[in-house]
Structure formats: structure tokens, C-alpha cells
Amino acid sequence: MTAAFVPLALPACIAQEVKTGFRLDIRRGAVTVGIAWPQAALGDLAGFVRELLE
């Protein structure tokens, strides 16, 4: 018995789109912080940034 290549029909891969909502990079001096904020909570982003920069 010899090994042989057997082609298989596989379903096409479907890439799922990732929805982060908003991408924010904050730079302070030599430090940069990247934040991916969910779209469902965009209303909370301003308060988060305010507290972060105090």
C-alpha cells in the first residue's frame, strides 16, 4: 500500500469582520496607549479619556 494525495472539498473560509467601534491612540510624553473601544459603549469613552488624562 502506498501513500497518495487525496483532495478534499472544504468549505470556503469566511473572515468575520471585527467591529471594535473606535480606535484611539493617546500619547503622553514617551508613552503611547492604544485603545479599541466597543461601538456599543461609545458614550462612555469621553469619561474614560477624561479620567485617564487627569
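This note goes through the fold, core, contacts and surface of a predicted model.

1. **Overall layout.** The protein has one helix and two strands. Along the sequence they come in the order β-β-α. Of the 54 residues, 11% are buried. The accessible surface is about 5200 Å², and carbon and sulfur atoms account for 60% of that.

2. **Range of contacts.** Take the contacts between residues at least 6 apart in sequence. Of these, 16% link residues at least 24 apart.

3. **The core.** Which residues make up the largest nonpolar core? There are six: Ile 26, Ile 35, Trp 37, Ala 41, Leu 45 and Val 49. Strand S2 (31–37) supplies at least two of them, and so does helix H1 (45–53).

4. **Ile 35.** This core residue sits in strand S2. Its relative accessible area is 11%, so Ile 35 is buried, the cut-off being under 20%. Beyond its neighbours within four places in sequence, Ile 35 contacts Phe 22, Arg 23, Leu 24, Asp 25, Ile 26, Phe 48 and Leu 52. Asp 25 is ten residues away in sequence, yet the two C-alpha atoms are 6.2 Å apart.

5. **Ile 26.** Another member of the core is Ile 26. With neighbours within four places in sequence set aside, Ile 26 is in contact with Val 31, Thr 32, Val 33, Ile 35, Val 49, Leu 52 and Leu 53. Two of these partners, Ile 35 and Val 49, are also listed in the core.

6. **Val 49.** Helix H1 holds Val 49. Residues up to four places away in sequence aside, Val 49 touches Leu 24 and Ile 26. Val 49 and Ile 26 are 23 residues apart along the chain, with 8.9 Å between their C-alpha atoms.

7. **Aromatic pair.** How many aromatic pairs does the whole structure hold? The search finds one. The pair is Trp 37 with Phe 48: ring centres lie 4.9 Å apart and the planes meet at 40°, so the pair is tilted. Trp 37 is in strand S2 and Phe 48 is in helix H1, so the pair ties together parts eleven residues apart in sequence.

8. **Cover over the two rings.** Is Trp 37 buried or exposed? Trp 37 counts as buried, because its relative accessibility is 15%. Phe 48 has a relative accessibility of 33%, so Phe 48 counts as partly exposed. Trp 37 belongs to the core described above. Phe 48 also contacts Ile 35.

9. **Salt bridge.** The count of salt bridges comes to one. Arg 23 forms it with Asp 25, and the closest N and O atoms are 3.2 Å apart. Side chains of opposite charge can pair when their charged atoms come close. Both Arg 23 and Asp 25 are exposed. Each of the two is also a contact of Ile 35.

10. **Nonpolar surface patch.** Not every nonpolar side chain is covered. Val 6, Leu 8 and Leu 10 form a nonpolar patch on the surface. Together the three have about 370 Å² of accessible area. Val 6 lies in the segment before strand S1 (22–28). Val 6 counts as exposed because its relative accessibility is 58%, and the cut-off is over 50%.

How values were computed
Residues numbered from 1 in each chain as written. Predicted model: local features only at pLDDT ≥ 70, side-chain atom pairs only at ≥ 80, totals over all residues. Heavy atoms only, no water. Core = buried A, V, L, I, M, F, W, Y, C linked by side-chain atoms within 4.5 Å. Buried < 20%, exposed > 50% of the residue type's maximum accessible area, 1.4 Å probe, protein only. Helix = DSSP H or I, 4+ residues; strand = E, 2+ residues; numbered from the N terminus. Contact = heavy atoms within 4.5 Å. Patch = residues over 30% accessible without salt bridge, like charges linked within 9 Å, V, L, I, M, F, W, Y side chains within 5 Å. Areas by Shrake-Rupley, 256 points an atom, 1.4 Å probe, with all protein chains shown as cover. Salt bridge = Lys/Arg side-chain N within 4 Å of Asp/Glu carboxyl O. Phe/Tyr/Trp six-rings, centres within 6.5 Å; stacked < 30°, edge-to-face > 60°.
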